[in-house]
2 protein chains.
Amino acid sequence: MADKDEGPVRSITDLARIAGVSVSTVSRALTSKGALNKETRRRIQLLAEERGFQLNVAAQNLRLGRTGAIAVLLPLGHERGQHLSDPFFMAMLGWLAEKLTDRGYDLLLSRVLPEGDDWLDNFIRSGRVDGVIIIGQSNQGAVLDRTARHYEPMVIWGAYSPRNAYLTIGTDNQSGGAIAAQHLLDKGRRRLAFFGNVAVPEFAARYQGFLAALPDEVRASTELVHAHITPEASYRMASDYFASGKRPDGIFAASDVTAMSIIAAAAEQNIRVPDQLSVVGFDDVPMAQLANPPLTTIRQDIKRGAHLLVDLLCQRLAGQPCQSIQIAPAIIVRESS
Amino acid sequence: MADKDEGPVRSITDLARIAGVSVSTVSRALTSKGALNKETRRRIQLLAEERGFQLNVAAQNLRLGRTGAIAVLLPLGHERGQHLSDPFFMAMLGWLAEKLTDRGYDLLLSRVLPEGDDWLDNFIRSGRVDGVIIIGQSNQGAVLDRTARHYEPMVIWGAYSPRNAYLTIGTDNQSGGAIAAQHLLDKGRRRLAFFGNVAVPEFAARYQGFLAALPDEVRASTELVHAHITPEASYRMASDYFASGKRPDGIFAASDVTAMSIIAAAAEQNIRVPDQLSVVGFDDVPMAQLANPPLTTIRQDIKRGAHLLVDLLCQRLAGQPCQSIQIAPAIIVRESS
DNA sequence: CTGTTAGCGCCTTCAA
DNA sequence: TTGAAGGCGCTAACAG
């Protein structure tokens with residue numbers, strides 16, 4: 001029947017010629033859309049398989065007016081370091097990849113150095129993706145707000161604020177801070193410090209929740225130490241801090257990486273954790289249980305967060321109404337406190 | 001001059017109408033390709049900016065017969081755990097993202113559960129990307145070999161073997177193993193063990209290099225402990241191992257994550273590192289210096305590796321000849337040994 | 001220097 | 001049930 005036409009099959013046109021049918025028939029057979037004789041469909045699908053042919057996704061998408069891809073953007077606004085290697089983001093990225101694949105989307109990964117205030121609009125207008133997930137609002141709240149007014153399919157992982165025009169999914173950072181405070185108080189700690197960069201909205205909320213849960217006299221003496229997010233910077237900051245003679249008995253760190261850096265710096269200066277100093281982290285990254293001593297930390301449910309991000313984005317893409325969600329954190333008590 | 005035509009500008013056709021020129025003129029102006037009157041070009045670029053118009057990348061790519069994207073694939077063949085959160089891989093991904101962006105490519109991230117032996121061909125034939133970078137050959141050597149015979153633009157991060165038909169970039173794992181062995185010997189250690197899953201070719205090479213560098217009598221007593229890659233699994237394995245009364249004085253771990261798990265398990269059973277036990281890791285992930293004690297490890301130059309991967313892939317895309325490269329590892333001595 | 005035209009590979013309406 | 005034809009947004013000959 002079919003000509004034993006050799007040569008590579010590059011398009012439905014080729015396949016149609018070989019099968020002796022029209023391109024539209026091939027299209028219908030391979031997309032399983034539209035009415036088509038069962039036998040014809042099977043025959044063409046078989047032929048395609050045999051010849052190793054698959055529809056060209058790019059052309060398909062162009063025709064359908066979509067891209068089939070979702071961008072995951074990491075704005076590196078406040079921290080220039082190797083942000084992308086932060087274990088928290090990485091775990092998040094893993095779950096996002098899985099969830100987006102399940103939904104039939106490709107994941108386009110992009111590190112962004114936000115320059116000026118139209119990097120986001122530019123990216124969106126280039127038309128490479130159908131929607132955008134942004135991990136961490138960094139210091140780009142204004143840009144996000146502006147874009148959100150005219151671009152729907154965008155969801156941000158980060159701290160919630162009723163003032164934001166954009167959709168967020170994120171841990172309830174304030175209550176996380178409060179839990180950490182209560183835990184340190186329960187341990188009898190009274191000379192406290194917070195390590196973190198409060199220019200990052202998420203960290204600011206953790207600090208605020210922490211402070212708010214302390215009795216006045218404790219709060220008054222609580223120190224704020226501006227630690228950066230990379231291990232190196234955190235370590236140096238903690239080292240200098242201890243070297244200057246500061247001896248708090250409880251530290252709440254804005255992230256597990258910072259907490260582990262603090263423990264390392266403390267060990268070096270013979271400050272015993274948890275005997276002399278209790279340390280509480282934030283995130284519960286996989287590495288936290290391998291810290292020495294294993295890290296007490298405020299757990300963010302990363303998997304759930306990733307799922308919510310994708311679900312919400314898909315709702316937006318489907319034109320359904322939806323709203324920001326805060327996820328309740330939980331404390332994981334190990335041995336560092 | 002130009003009509004003050006309102007309404008959104010969705011394509012070069014729209015913009016051409018507004019500007020009173022032809023579509024090809026707009027195309028030439030916006031791509032900065034082809035000869036064009038300087039003034040005309042400026043005028044159209046300005047107009048585009050003003051109306052917030054950018055070329056549709058998807059259409060552009062379709063026309064040019066490319067996609068502008070490179071896939072980064074993670075075959076999760078041998079380990080079902082959260083491989084994507086492995087810090088080594090993450091650091092690699094970060095550098096790849098940066099380097100590919102520099103080269104004008106998008107990065108398409110995909111976790112792959114290799115099923116059957118045509119997952120790779122299927123992916124490639126879907127035409128979503130111009131090239132493929134695969135992180136870790138896992139247990140998929142045969143699949144990679146077969147694909148490499150008919151698909152050029154593919155580079156693999158992993159162990160080199162002259163038997164492979166595919167291009168690899170990777171650390172010289174054997175010599176890394178040898179360096180670790182020499183270091184432990186120098187420290188006076190003689191009762192040794194290797195922790196790692198030797199079904200993974202990279203780990204097998206580390207083990208092999210390790211063994212080969214040992215004197216016969218030490219080698220004969222060296223134990224192989226089959227530890228998985230996730231922190232949880234490694235920790236459990238090390239815990240059971242120590243609990244069973246085993247007391248080596250030197251351990252070489254296939255990865256930093258495993259090494260840190262071993263240290264955590266040792267600490268729990270009051271085995272002092274490095275007094276009673278020297279531990280050497282592999283990778284030098286950022287976290288390694290935060291371990292307690294800070295981890296002695298065989299460093300892989302991840303940044304250089306990522307750059308080479310991208311460079312090599314681009315050479316392939318340009319049709320230039322190229323060959324596999326091994327990167328020399330270096331030991332970073334800290335306090336765990 | 002600029003316009004006209006023919007596709008890139010696919011989907012879909014309309015007709016047969 | 002199937003085919004013909006137009007077009008998604010863009011680029012690149014080829015003319016003028």
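A residue is taken as near a strand of DNA if its C-beta atom, placed from the backbone, lies within 6 Å of that strand. All views below show a predicted model.

**Figure 1. Surroundings of DNA strand C in the predicted model.** DNA strand C is surrounded by 28 residues. The closest are Ser11(A), Ser24(A) and Asn56(A) from one chain, with Ser24(B) and Asn37(B) from the other. At least two residues of this surface come from each of α2 (23–31) and α4 (57–64) of chain A and α2 (23–31) and α4 (57–64) of chain B. By class, the surface near DNA strand C comprises 11 nonpolar, 12 polar and five charged residues.

**Figure 2. Surroundings of DNA strand D.** Around DNA strand D there are 27 residues, and Thr25(A), Asn37(A), Ser11(B), Ser24(B) and Ser27(B) are the closest. Two or more residues of this surface are given by each of α2 and α4 of chain A and α2 and α4 of chain B. Helix α4(B) makes the largest contribution to the surface near DNA strand D, with five residues. The surface near DNA strand D contains 11 nonpolar, 12 polar and four charged residues.

**Figure 3. The contact between chains A and B.** Chain A brings 44 residues to the contact and chain B brings 43 residues. On the side of chain A that touches chain B, at least two residues come from each of α4, α5 (87–102), β2 (106–112), α6 (119–125), α11 (231–243) and α12 (256–268). Among these, α5(A) provides the largest share, eight residues. The side of chain A that touches chain B has 23 nonpolar, 16 polar and five charged residues. Across the contact, β2(A) pairs with β2 (residues 106–112) of chain B in the antiparallel sense, over three bridges. Within this pairing, Leu107(A) has Leu109(B) as its bridge partner.

**Figure 4. The axis relating the two chains.** A turn of 180 degrees with a shift of 0.1 Å along the axis lays chain A on chain B with an RMSD of 0.2 Å. The two chains are therefore related by a two-fold axis. Leu108(A) has the C-alpha nearest the axis in chain A, at 2.4 Å from it. Both copies use the same surface, as 98% of the contact residues of chain A recur in chain B.

**Figure 5. The open sheet of chain A and helix α8(A).** The sheet has six strands in the order β7-β6-β8-β9-β10-β12, with mixed pairing. Its edge strands, β7 (223–225) and β12 (330–332), each pair on one side only. From one strand to the next the twist averages 20 degrees. Strand β10 (residues 296–299) of chain A joins β12(A) through three bridges in the antiparallel sense, and Thr297(A) stands opposite Ile332(A) there. Helix α8 (residues 173–186) of chain A lies across β6 (192–195), β8 (250–253), β9 (278–283), β10 and β12 and runs at about 160 degrees to β9(A).

**Figure 6. Backbone features in two loops.** Most residues other than glycine have a negative phi, and most peptide bonds are trans. In the loop between α12 and β9 of chain A lies Asn270(A), whose phi is positive, near 60 degrees. Asn270(A) counts as exposed because it has 8 C-beta neighbours inside 10 Å, the limit for exposure being 12 or fewer. Pro274(A) has its place in that loop as well, and the peptide bond from Val273(A) to Pro274(A) is cis, with omega near 10 degrees. In the loop between β9 and β10 of chain B, Asp284(B) has a positive phi of about 60 degrees. Asp284(B) counts as buried because it has 24 C-beta neighbours inside 10 Å.

Methods
Residues numbered from 1 in each chain as written. Chains lettered and ligands numbered in written order. Predicted model: local features only at pLDDT ≥ 70, side-chain atom pairs only at ≥ 80, totals over all residues. Helix = DSSP H or I, 4+ residues; strand = E, 2+ residues; numbered from the N terminus. Nonpolar A, V, L, I, M, F, W, Y, C, P; charged D, E, K, R; others polar. Pairing = 2+ DSSP bridges. Axes fitted to C-alpha atoms, helices over the stretch in contact; angles between N-to-C directions. Contact = placed C-beta atoms within 7 Å. Least-squares fit on C-alpha atoms with pLDDT ≥ 70 in both. Buried ≥ 20, exposed ≤ 12 C-beta atoms within 10 Å, placed from the backbone.
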